[in-house]
Amino acid sequence: MSKKHTHRNKTHLKTQTSRVNVEKAKDNNQSGRISILKNVLMFFAFAIIIWLFKEKNNGYKWVHKTLIGDNLKKIEQYKDLTFEQRYEVKLGFNYKYLEAIKNNTPDTAVILMPPASVVFPKDGQTDFKTADEGQSITNATWSSYFLYPRKLVYEDKKELSPLYNKATHVAIANNWGYEKLKYNVSGPRPKHHILPINNPPAQR
Amino acid sequence: MIITLAQHIGCFLIVFLAGVSLLNLISGNFSFFEKLGFGFPLGFGIITVLMFMFELVSVKFNLINLLTASVILIIAFNSAAFKRKARKDILSIKIPDCVKNFSLWKINLPWLLMAGVLGYIIYGITAKTLFWQPLAYDTLTGYDYMAKVMAAEGVIKNSIFSAESPTYSIRASYPPFVSGSFAFAYLCGLKSSTITGSILFLSLIVIFYTFLKKYVTHTNAVFFTLLMVITPEMLAMSALSLSNCPQVFFTFTGIISLFLWLDKGDRKYLYLGSISLALNVWARSDGIVFIFAGACMLLYDMIKNNRLKDIKSWKPLILPGIITLLPFISWQLFISKSLGVTNSNVFVAHLFWDADKFSELYDLVSHVVKSTQYYGLVFYLFPIVLIINIKYILKDKTALLTAIFSAFFLYTFMYYQMDNGGKAFGYALRSMIFSSFKRGMFPIIPIICYYMSSSKMVDSIFRKII
């Protein structure tokens with residue numbers, strides 16, 4: 001066999017082999033097989049992309065560290081709290097006050113609520129959380145969420161409420177409200193309290 | 001406690017089956033993951049429509065009559081589907097190909113990495129959602145408050161709207177999907193309604209991935225699912241029991257389903273799209289913008305294919321069009337005639353040109369859209385993808401692009417038309433853009449991510465790399 005012929009045969013064989021390899025690669029691709037090297041390289045490439053997103057972009061950094069990270073830590077910290085205690089963690093004294101009203105009044109109660117000037121006095125001395133987007137006891141709708149089905153009337157909006165004269169209880173706040181009762185309160189007068197308007201609560 | 005848990009699971013299972021049955025009524029050919037993703041959202045849609053129906057016939061709803069009606073619908077929908085000879089399709093469980101053909105050689109490490117990160121994010125946000133009660137102002141004075149009262153009184157027009165002692169806020173008069181879904185949780189005896197929001201968010205993730213897989217590889221799909229999920233503001237809001245994230249599910253599935261009908265010619269997606277867009281506006285009335293965006297997409301397709309004057313092209317759209325608009329019209333009539341609430345002073349009733357307002361709006365919207373604190377890199381990657389895909393912009397998924405731009409501009413136009421009073425919070429343009437508009441952009445995010453992922457160049461890049 002001539003050298004030219006042998007060379008032609010070798011080239012032909014190479015072409016055939018590479019064609020078979022291409023077909024094999026296509027088969028592998030279609031059958032879903034991924035080479036180990038590609039797999040590992042792409043794994044690290046995407047890991048770097050994710051790391052860059054997480055570290056270099058403020059929004060994604062916040063998602064990772066604060067939204068997810070800090071919240072999971074808080075959940076672990078508070079995991080033994082009851083349903084009501086979790087509300088108190090987030091809403092502070094505002095919730096505690098409303099919860100006390102709820103636990104000491106019937107569902108049919110009409111509650112006289114303190115005015116904003118009493119809840120948030122000018123000297124700033126108050127146990128109530130400062131109004132945050134209206135999330136305070138001075139907001140009738142917000143408070144009603146916790147006290148429903150009780151009705152609320154506010155001292156500083158009494159002209160607007162036909163229920164004012166039907167109030168059954170007074171929500172005492174920062175010592176305001178005792179003067180609204182139709183009886184004298186003997187003994188200690190807590191700063192915050194809930195009392196029926198007409199008759200003193202039954203003594204235990 | 002076990003009996004109570006079983007009761008809760010039973011109630012939610014009926015909701016899920018109601019949703020799946022509605023899918024079966026449309027077609028027997030939905031995949032396993034499509035049923036998994038749509039089951040709860042459609043199921044909650046059915047429950048809240050039933051609540052509305054009971055309201056219209058002056059019957060108080062409760063858990064028993066809602067579940068009974070749902071079971072009747074499950075039987076009716078599946079019977080109709082079986083009559084259509086879809087029994088074999090409906091009852092068969094199709095194992096996904098990737099599971100059937102699994103082998104160690106096909107393990108995709110980048111996919112596992114991204115799925116792991118996605119799993120961690122989902123776990124974290126779900127834990128946050130379920131651990132804390134509803135706390136956001138909008139939900140305590142609106143959606144969840146309305147839900148509690150609806151569950152207690154069995155009516156939509158309830159005591160919070162009473163003239164003697166009204167305690168409703170504007171959000172209590174939003175369409176009933178969100179409050180109704182939350183109310184269902186309370187009717188089941190749960191102390192908190194946050195599970196509903198969690199379920200809807202998880203459903204969005206399942207459907208986003210499933211719909212993406214119709215066009216792209218698994219690696220591409222998981223990358224863009226992760227990108228969509230970690231949109232900072234949207235992820236944060238998903239844990240707060242608000243109305244935006246539930247709406248995102250229906251807006252996304254509505255637009256993409258319509259697109260799938262246009263692209264693949266499968267009529268089940270036309271009906272699924274119209275039902276989804278109907279439920280989008282059943283969650284928030286401003287979802288009407290996305291119905292118009294869907295209409296723009298259909299209009300573009302008709303113009304492109306010279307079918308605008310062809311009556312045969314319009315016929316299949318009549319029933320879906322009615323389905324889509326019916327909830328919006330019904331609810332607007334209900335709130336004005338029955339609840340006595342109107343939104344008549346929110347918008348300026350005529351077109352006008354105010355250069356100062358336009359300039360202020362442009363600046364504010366630009367600021368919001370460019371903020372990576374709100375949307376991450378989505379609005380930065382989008383123009384990059386448009387540029388690298390420039391050769392195919394007018395050839396591939398142009399209809400979807402039409403929907404994206406229509407939705408964005410129509411939604412922004414809505415804020416231009418608002419009658420902004422003084423500078424008081426809640427009405428000034430600035431405060432509306434930084435609160436309401438910012439959240440209103442959420443439905444567009446998954447659609448943009450979907451477009452980016454399935455665009456020709458991005459798809460081919462992912463196919464080359466792994």
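Let's start inside chain B of this predicted model: the side chains of Asp266(B) and Lys268(B) meet in a salt bridge, with 2.8 Å from N to O. The two partners differ in how they sit. Asp266(B) has 29% relative accessibility, so it counts as partly exposed, while Lys268(B), at 9%, counts as buried.

Asp301(B) and Arg307(B) form a salt bridge too. Here the acid, Asp301(B), is the buried partner at 9% relative accessibility, and Arg307(B) is partly exposed at 30%. Over in chain A, salt bridges that share partners link Lys54(A), Glu55(A) and Lys65(A) into one network.

Then there's Glu233(B) with Lys438(B), a salt bridge in which both residues are buried. Glu233(B) belongs to helix 11 (residues 232-237) of chain B and Lys438(B) to helix 20 (residues 429-440) of chain B, so this pair ties together parts 205 residues apart in sequence. Over all chains, the count comes to 18 salt bridges. Here are some of them, including one that joins the two chains:

| Acidic residue | Basic residue | Closest N and O atoms |
|---|---|---|
| Asp266(B) | Lys268(B) | 2.8 Å |
| Glu233(B) | Lys438(B) | 2.8 Å |
| Asp301(B) | Arg307(B) | 2.9 Å |
| Glu164(B) | Lys166(A) | 3.4 Å |

Now for the interface itself. Chain A and chain B bury about 5,000 Å² between them, and 71% of that is on carbon and sulfur atoms. Phe46(A), Tyr145(A) and Tyr148(A) supply 15% of the area that chain A buries against chain B, more than any other three residues. The contact draws on 53 residues from chain A and 56 residues from chain B.

As for polar links, the interface has 2 salt bridges and 10 residue pairs in polar contact. On the side of chain A that touches chain B, the elements giving two or more residues are helix 2 (36-56), helix 3 (58-77), helix 4 (83-91), helix 7 (140-147) and strand 2 (151-154) of chain A. Helix 3 of chain A has the largest share, 13 residues. By class, that side of chain A has 29 nonpolar, 14 polar and 10 charged residues.

Strand 2 of chain A also pairs with strand 1 of chain A: they run parallel, joined by 4 bridges, with Val110(A) opposite Lys151(A). Strand 1 of chain A runs parallel to strand 3 (residues 169-172) of chain A as well, through 2 bridges, and there Ile111(A) stands opposite His169(A). Both faces of strand 1 (residues 110-113) of chain A are covered, with Val110(A) and Leu112(A) buried on one side and Ile111(A) and Met113(A) buried on the other.

Definitions and conventions: Residues numbered from 1 in each chain as written. Chains lettered and ligands numbered in written order. Predicted model: local features only at pLDDT ≥ 70, side-chain atom pairs only at ≥ 80, totals over all residues. Heavy atoms only, no water. Contact = heavy atoms within 4.5 Å. Buried area = accessible area lost by both parts, 1.4 Å probe. Salt bridge = Lys/Arg side-chain N within 4 Å of Asp/Glu carboxyl O. Polar contact = N/O pair within 3.5 Å; in protein donor to acceptor, adjacent residues only side chain to side chain. Nonpolar A, V, L, I, M, F, W, Y, C, P; charged D, E, K, R; others polar. Buried < 20%, exposed > 50% of the residue type's maximum accessible area, 1.4 Å probe, protein only. Pairing = 2+ DSSP bridges.
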